[in-house]
Every structure is written in structure tokens, then in C-alpha cells.
Amino acid sequence: MNNLKKLFGKRLKELRKANHLTQEQLSEKLDISLPNISYIETGKTYPSVETQEKICKVLGVDYHELYMFYKIPSEKEMQEELIQAMQSNPNIIQKLYKFYKFL
């Protein structure tokens with residue numbers, strides 16, 4: 001659970017900054033104390049479901065976006081990665097082709 005708290009806190013900080021908000025501004029909009037925002041962002045505590053719902057509304061994100069802890073690569077990065085994988089393992093070409101045909 002500790003790792004989840006840290007990942008969630010890091011994600012909240014990313015979303016807050018993407019919305020050009022300070023911790024103080026976010027705490028005001030969520031109606032929770034400034035130390036609580038800091039505790040959440042540093043992974044010391046985890047917000048309640050109710051607070052998570054408020055976060056979504058204030059930051060304009062869907063609930064699942066709070067848990068998107070990894071960066072989705074660009075199309076070019078995906079293409080390059082797939083090409084490298086196909087070049088190093090011919091079985092991947094067959095699997096990708098089957099997947100493509102049955103979309």
C-alpha cells in the first residue's frame with residue numbers, strides 16, 4: 001500500500017501542476033488543509049474516496065486518470081519499440097499479425 005500512496009501522490013502532483021495550481025490553491029478548492037495536500041503528494045497519507053471525487057472535479061479528470069502512473073508513449077515511440085521487437089523475435093510478427101487481423 002505504501003508504494004500505491006507514493007504513486008498516487010506523485011500523480012496528484014503532476015495533475016496539479018498541469019492545471020497550474022499551487023498546493024495552497026488546490027487545498028482551497030478541495031476544502032482540505034494544506035498539510036493534507038502535502039501528505040498526499042508525498043505518499044504519507046491516502047485520500048478518501050470522497051476526496052478523490054473532489055480531486056477529479058477540480059482537476060477535470062476522470063477517476064481512472066488518477067491512477068495512470070505510467071507515461072503512454074507517442075505513436076512514433078510505439079512504432080520504434082514494435083519494430084525493434086519484431087527484428088529481435090520473429091514470433092512477435094506472427095502474434096502481431098494475428099492480433100491485427102482479429103481486431
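The following exchange between a trainee and a mentor asks how the descriptions of this predicted model are reached.

Trainee: What should I keep in mind about numbering and confidence?

Mentor: Residues are numbered from 1 along each chain as its sequence is written, and side-chain values use heavy atoms, with hydrogens and water left out. Because this is a predicted model, local features need pLDDT of at least 70 and side-chain atom pairs count only at pLDDT 80 or more, while totals for chains, interfaces and linings use all residues. On pLDDT, the predictor's confidence in each residue from 0 to 100, the chain has a mean of 93, and 99% of its residues reach 70 or more.

Trainee: What makes the count of helices 6 and that of strands 0?

Mentor: Helices are DSSP runs of H or I with at least four residues, and strands are runs of E with at least two, numbered from the N terminus; by that rule the chain has 6 helices and 0 strands.

Trainee: How do you know whether the chain is spread out or a compact globule?

Mentor: The radius of gyration is taken over C-alpha atoms, and the globule rule is 2.2 Å times the number of residues to the power 0.38. For 103 residues that rule gives 13 Å, whereas the chain has 19 Å, well over that value, so the chain is more spread out than a compact globule. The C-alpha atoms fill a box of roughly 55 × 25 × 25 Å along the principal axes.

Trainee: Why is the pair of Phe8 and Tyr67 called tilted?

Mentor: Rings of Phe, Tyr and Trp (its six-membered ring) pair if their centres lie within 6.5 Å, and planes under 30 degrees apart count as stacked, over 60 as edge-to-face and the rest as tilted. Phe8 and Tyr67 lie 5.4 Å centre to centre with 50° between the planes, and that pair is therefore tilted. Phe8 belongs to helix 1 and Tyr67 to the loop between helix 4 and helix 5, 59 residues apart.

Trainee: Which of the two, Phe8 or Tyr67, is buried, and which is partly exposed?

Mentor: Buried means under 20% relative accessible area, exposed over 50%, and partly exposed in between (1.4 Å probe, protein chains only). Phe8, at 1%, is therefore buried, whereas Tyr67, at 24%, counts as partly exposed.

Trainee: What puts the buried residues of helix 3 on the same side?

Mentor: In helix 3 (residues 34-41), Ile37, Ile40 and Glu41 are buried. The arc is that of the directions from the helix axis to the C-beta atoms, and these residues cover only 95° of it, which puts them on the same side of helix 3.
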